[in-house]
Amino acid sequence: MQQKWLKTTEVEVASNKLSFYIETIEVNQLSPLAFFAAGERKYKGKRFFWQNREKTLAIVGLGQAIILENRRIDRFDDIEFKWKELTKNIVMEEQEPQPILFGGFTFDPENVEPGEWDGFPSSYFTVATFQLTKQHEKTYVSIHLITDRQDSSALFDQLREERDQLIHAAQVKELKTYEKPEIRTIDERNKDNYFQAVQSVTNLIRNHKADKVVIARSLELEFKGQPSSPQVIYQILNEQPESYLFALERDNLLFFGATPERLVKVENQYAYSACVAGSIKRGKTAEEDKKLGEQLLNDSKNLKEHQYVVDMIASTFKKHCEHYKVPKRPKLLKIRDIQHLYTPVEGKLFDHATILQLVKHLHPTPALGGVPRNKALEMIREFEKMNRGLYAGPVGWMDADGNGEFVVAIRSAALIDDKAYLYAGGGIVADSNPMTEYDETLVKFRPMLRALGGQIQ
Ligand SMILES: C=C(O[C@H]1C=CC=C(C(=O)O)[C@@H]1O)C(=O)O
């Protein structure tokens, strides 16, 4: 095992007498998934995984140096405040990977529907005890210890030993291939309610009660046996490498997915977002695919759905940026099962603007909520009759300098013991048709369903 020592940093955390110890080493040849899997025995339920769309960054977390969670109305501000407190004395060198806060915000903290998300807080973030960062072909492993104990050197030595064991396990074991899980049953939960919800919402939109509302539904899969987290992450790594891949464990729940949709990325006070709304399937041949793409680019219903998202994201950038740009027309975003209308938006943030303030104001965009936002949220609560949990919520990471990236957690599923819950929805406007919307959810279920060993049509 070749390792290059960087340094150990001790930082006093402002008001609560905590110290934040950080030690980072550079390591050779380490698969992020193998590192994640090395934590199976000791850290199951306390891990996360991230790979960006460009595949220039992978982050894995094992264990929890600290958990920041809340069930508050001011949930974004609360997490931001606590993270700033924790990190305000941290000074890192430019090339050094920083400790990151990883987690997510649920779609709607006011939703009280019982189900698989019972007990889940409306914000859930952690700093990992062991953080692997793979960035531009270099891999680092950091230890984070946040403690109020004065005599933590023995504890830190123990963590060093454990880190070396984890690295060793991840390096020497052959890169494992995992079978797909075996499904026993698939249940289209509340299918009748979905059709009714789409119909009722369409009628309300026609009566000018709202302009657009996104209605979703879920599938329940039961497996023969219990799939493991590395097993299902392996499948999305293989099958959806062109998407953002994320996985977050909390006790026996694994929320994971492969989303095409960035909510916001901030790098050195520049912000990047993406409007992704309006969909059509992929063609079986290149010719058919091109035709379908052209059809989508000229379809007034989809263009309308898309424009609501562009207007909202542009107006948020206007409030937070010195300058920003939005292309006039959408392009196509083609991923394995589906093509979307896509408009990237970018801008230079004002000095005081932060990634979490952008997340707070952007979520939910009309790609997942609707227009007007509050009316759409009320209608989703009334008609959807399910709790989205983290589905369609912001999931991602940020560092102490305020850089980070959050995606919209669609094309996702919650895996709990021998069951998985898959989620998909679509934008409803005045000329929506329930059967077409239903078919679109089938296409959107496909990536997660295939990863979990099933298929539709
Ligand atoms: C709500 C979902 O997709 C959104 C993102 C892209 C396209 C969408 C659409 O065309 O309706 C949705 O707004 C989902 O995948 O569950």
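**Exercise 1. The domain contact**

Take this predicted model and work out how many residues of domain 1 are in contact with how many of domain 2.

*Solution.* Start with the count: 30 residues of domain 1 are in contact with 32 residues of domain 2.

Next, see which elements do the touching on the domain 1 side. Two or more residues each come from α1 (32-38), β3 (47-51), α3 (75-87) and β6 (100-105). The top contributor to that side is β6, with 5 residues.

Then check the chemistry. The domain 1 side that touches domain 2 splits into 16 nonpolar, 7 polar and 7 charged residues.

Finally, put the bounds on the picture. The domain assignment gives domain 1 as 3-172 and domain 2 as 185-231 + 260-451. Taken over C-alpha atoms, the centres of the two domains are 27 Å apart.

**Exercise 2. Following β6 into its neighbours**

Find out how covered β6 is, and which strands it pairs with.

*Solution.* Go through the strand residue by residue: 6 of the 6 residues in β6 are buried. Ile-100, Phe-102 and Gly-104 point one way, while Leu-101, Gly-103 and Phe-105 point the other way, and all are buried.

Now the pairing. On one hand, β6 runs antiparallel to β20 (residues 394-399) over 5 bridges, and Phe-102 sits opposite Trp-397 there. On the other hand, 4 bridges tie β6 to β7 (residues 123-127), again in the antiparallel sense. In that pair, Gly-104 stands opposite Tyr-124.

Compare this with the domain bounds from Exercise 1: domain 1 is 3-172, and domain 2 includes 260-451. The β6–β20 pair, with β20 at residues 394-399, therefore joins a strand of domain 1 to one of domain 2.

**Exercise 3. From β20 to β21 and β14**

Carry on along the strands: what pairs with β21, and are its residues buried or exposed?

*Solution.* First step, β20 to β21: they pair antiparallel over 5 bridges, and the bridge partner of Met-398 in β21 is Gly-404. This is a hairpin with 4 residues between the strands, where Gly-402 takes a positive phi near 90°.

Second step, β21 to β14 (residues 262-267): 4 bridges join this antiparallel pair. Arg-262 has Val-407 as its bridge partner in β21.

Third step, burial. Strand β21 (residues 404-408) has 5 of its 5 residues buried. Gly-404, Phe-406 and Val-408 cover one side, Glu-405 and Val-407 the other. Note that the buried set includes Glu-405.

**Exercise 4. Tyr-391**

Place Tyr-391 and decide why it counts as buried.

*Solution.* Tyr-391 is in the loop between α10 (373-384) and β20. The cut-off for buried is 20 or more other C-beta atoms within 10 Å. Tyr-391 has 28 of them, so it is buried. Leaving out residues up to four places away in sequence, Tyr-391 touches Phe-107, Ala-409, Ile-410, Ser-412 and Tyr-423.

**Exercise 5. The shell around the ligand**

Which residues come nearest to the ligand, and which strands supply the shell?

*Solution.* The shell has 17 residues, and Ser-279, Ile-410, Gly-425, Gly-426 and Gly-427 come nearest. Ile-410 is also one of the residues that Tyr-391 touches.

By element, β11 (212-223), β15 (270-281) and β23 (419-428) each give at least two shell residues. By type, the shell is 8 nonpolar, 6 polar and 3 charged.

For context, an unreviewed UniProt entry places "domain: Chorismate-utilising enzyme C-terminal" at residues 191-444. In the model, that span is 36% helix and 37% strand, and its end C-alpha atoms lie 16 Å apart.

**Exercise 6. Backbone oddities**

Pick out the cis peptide bonds and the positive phi values outside glycine.

*Solution.* Begin with the expectation: most residues other than glycine have a negative phi, and most peptide bonds are trans.

- The His-363 to Pro-364 bond is cis, with omega near -10°; Pro-364 is in the loop between α9 (355-362) and β19 (370-371).
- Val-371 and Pro-372 are joined by a cis bond with omega about -10°, and Pro-372 is in the loop between β19 and α10.
- Glu-137 has phi near 70° and lies in the loop between β8 (130-135) and β9 (138-147). With 6 other C-beta atoms within 10 Å, Glu-137 is exposed.
- Gln-269 has phi of about 65° and sits in the loop between β14 and β15. With 17 other C-beta atoms within 10 Å, Gln-269 is partly exposed.

How values were computed: Residues are numbered from 1 along each chain as its sequence is written. This is a predicted model: local features need pLDDT of at least 70, side-chain atom pairs count only at pLDDT 80 or more; totals for chains, interfaces and linings use all residues. A residue is near a molecule or strand if its C-beta atom, placed from the backbone, lies within 6 Å of it. Ala, Val, Leu, Ile, Met, Phe, Trp, Tyr, Cys and Pro count as nonpolar, Asp, Glu, Lys and Arg as charged, and the others, Gly among them, as polar. UniProt positions are given in the numbering used here, feature names are shortened, and annotations may be inferred rather than shown by experiment. Domain bounds come from an automatic or database domain assignment. Two residues are in contact if their C-beta atoms, placed from the backbone, lie within 7 Å. A residue is buried if 20 or more other C-beta atoms lie within 10 Å of its own, exposed if 12 or fewer, and partly exposed in between; C-beta atoms are placed from the backbone. Two strands pair if DSSP finds at least two bridges between them.
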